[in-house]
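Reader: Hey, I've got this one open in the viewer. Can you walk me through it?

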Number of protein chains: 2
Amino acid sequence: MSFPIALWQGPSPGGSDDAAFTALDAALRAAAAMGAITLVAPEIFLPGYNQPDISARAQRRGGPWYERLAALARTHGCGIVIGYAERDADAVYNSAIAINAEGREIGHYRKVQLFGPREKSIFAPGDAVSTFDLGGLRAAMLICYDVEFAPLVRSLAEAGADLILVPTANPEPNTHVSRIVVPAHAINHSVTIAYANYCGTEGDITYCGASVIVAPDAAILASAGPGPALLIADIDHQPDAALLQTQLHDYRPL
Amino acid sequence: MSFPIALWQGPSPGGSDDAAFTALDAALRAAAAMGAITLVAPEIFLPGYNQPDISARAQRRGGPWYERLAALARTHGCGIVIGYAERDADAVYNSAIAINAEGREIGHYRKVQLFGPREKSIFAPGDAVSTFDLGGLRAAMLICYDVEFAPLVRSLAEAGADLILVPTANPEPNTHVSRIVVPAHAINHSVTIAYANYCGTEGDITYCGASVIVAPDAAILASAGPGPALLIADIDHQPDAALLQTQLHDYRPL
């Protein structure tokens, strides 16, 4: 494979750092064996998306979770993109971090489109998107509900993003998001999208799995079902030229 | 994961043992990191499905390929199911072998339903199916075209198979096999099927990828696209009881 990306779909660690880092250790070891540039893990994997004490457990950017993730990335020689609850003074953000194989932060993102009353009561919204270099590709992160908003995907495409990495926590029965919406946005904006969901049940939420890696011609490079799965796919895909769209250049605002 | 199965979809090694064992080494290392019971690799991966000199290069069961596969399985602590060209006296078979994590042969199978004039000119057909224990599950192998014949799948289901492992070499444009036919046979016969295809081009064949792991309720536990991918999925799936069929007991021959 020339540009493998790995995607971990597993149950929530349920608030246990040990469970989280044990799962990440195995997935990173496997990803590294296949030469993956990065592993994408779900939303708020630290401490777990549907935990009751998110605010109390949120950690600062660069804190203990960050240090453990960086050490794990260095140990295996594989980057990681993962969601975590970020504490910044009085605010808590639904954030994602990208760490490279040397354990250095190369990207940081705060979810803009918070979903539903629970998220809006816990988190402050982010207000910016950004891109970063990932092994020569221009990469960016969005988190879950974000990727369902075409203008957000469009703003990243305009910024030159080749690849959007999306930690997510998508409950049943919403498989339409990864089966239909995400592939649609990938082809409409000519970007590769890797969408990493949970599976299993956490409190009152049962996640729908169905994680996906989709190419700019909407080719599904890999997808998961309802249960635990690790997907590693080469995103160095030759898109079907006849399918590539030019929405980015054709768009004519009203 | 409680019962992970890994599936390697890659290009043909093109007759190079070095290329074959390098690819298998990485895939087995990754599979073992996730605790996989076995890795499934494509049809005639040794020496490569569309090689011109299959007959001359075929090896006996238990020969040098076997020894190298057994050593690799032991090194990583993960089983392997793989297709190879088998020499037996004057005959050549399109065979698959199952080796466990201790490097011991636990299953051997010769393709019954040879496909097209080329296969029929090279290989003698097999004449039997069998099942074997794989970590407490009853497993069996079929090869490529075999799995498109309902009576063959049925005979394995009657023999108690929970899981059918299928090395394959399926060319474009036949994605209907893994997208439609294989899931249909899985739900009709209440078996899990793991179908491992090639991708890329080998001589005059371009393979269609689209490898799949499908559950007895036709849930797609993992699937690949047109390019290189390693899929690892937990097959300990709770099937949707409302979808499970009873064809095996209901069948009433004319």
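Reader: Let's begin with helix α1 in each chain. Which residues of α1(A) meet α1(B)?
Author: A:A26, A:R29, A:A30 and A:A33 in α1(A) touch B:A26, B:R29, B:A30 and B:A33 in α1(B). Contact here means heavy atoms within 4.5 Å. Helices (H or I, at least four residues) and strands (E, at least two) are DSSP runs, numbered from the N terminus.

Reader: And how does that contact divide by class?
Author: Six of its residues are nonpolar, none polar and two charged. Ala, Val, Leu, Ile, Met, Phe, Trp, Tyr, Cys and Pro count as nonpolar, Asp, Glu, Lys and Arg as charged, and the others, Gly among them, as polar.

Reader: At roughly what angle do the axes of those two helices cross?
Author: Roughly 175°, and the axes come within 8 Å. That makes α1(A) roughly antiparallel to α1(B). The axes are lines fitted to C-alpha atoms, for helices over the stretch in contact, with angles from 0 to 180 degrees between N-to-C directions. Under 35 degrees counts as roughly parallel, over 145 as roughly antiparallel, 65 to 115 as roughly perpendicular and the rest as oblique.

Reader: Before I go on, what are the ground rules for this model?
Author: It's a predicted model: local features need pLDDT of at least 70, side-chain atom pairs count only at pLDDT 80 or more, and totals for chains, interfaces and linings use all residues. Residues are numbered from 1 along each chain as its sequence is written, chains are lettered from A and ligands numbered from 1 in the order in which they are written, and side-chain values use heavy atoms, with hydrogens and water left out.

Reader: OK. What turn lays chain B on chain A?
Author: A turn of 180° with a shift of 0.0 Å along the axis, giving an RMSD of 0.0 Å. That is how a two-fold axis relates copies. The same surface serves both: 100% of the contact residues of chain B recur in chain A. The superposition is by least squares on the C-alpha atoms of residues with pLDDT of at least 70 in both copies.

Reader: Which residue of chain B comes closest to the rotation axis?
Author: B:A30, with its C-alpha at 1.9 Å. B:A30 is also one of the residues in the α1(A) and α1(B) contact.

Reader: Switching to sheets. What's the strand order in the one with β14?
Author: It's an open sheet of 12 strands with mixed pairing, ordered β5(A)-β4(A)-β3(A)-β2(A)-β1(A)-β14(A)-β14(B)-β1(B)-β2(B)-β3(B)-β4(B)-β5(B). Two strands pair if DSSP finds at least two bridges between them. Neighbouring strands are turned by 30° against each other on average, direction ignored.

Reader: How do β4(A) and β5(A) pair, parallel or antiparallel?
Author: Antiparallel, over five bridges, with A:S95 opposite A:R110 in β5(A). They form a hairpin with five residues between them, and A:G103 in the turn has a positive phi of about 85°.

Reader: And β1(A) with β2(A)?
Author: Those run parallel, joined by three bridges. A:I5 has A:T38 in β2(A) as its bridge partner.

Reader: What lies across β3, β4 and β5 of chain A?
Author: Helix α3 of chain A, residues 64–76, running at about 15° to β4(A). The axes of α3(A) and α1(A) come within 9 Å and cross at roughly 25°, which makes the two helices roughly parallel. A:F21, A:L24 and A:L28 are among the α1(A) residues in that contact, while the α3(A) side includes A:W65, A:L69 and A:L72. By class it has eight nonpolar, one polar and five charged residues.

Reader: What's the order in the sheet with β6?
Author: Another open one with 12 strands and mixed pairing: β6(A)-β7(A)-β8(A)-β9(A)-β12(A)-β13(A)-β13(B)-β12(B)-β9(B)-β8(B)-β7(B)-β6(B). β6 (131–134) of chain A and β6 (131–134) of chain B are the edge strands, each pairing on one side only. The twist averages 20° from one strand to the next.

Reader: Last thing, backbone oddities. Where are the cis peptide bonds?
Author: One joins B:L46 and B:P47, with omega about 5°, and B:P47 lies in the loop between β2 and α2 of chain B. That loop also holds B:I44, a residue other than glycine with a positive phi near 45°. Another cis bond runs from B:E172 to B:P173, omega near 0°, and B:P173 sits in the loop between β8 and α6 of chain B.
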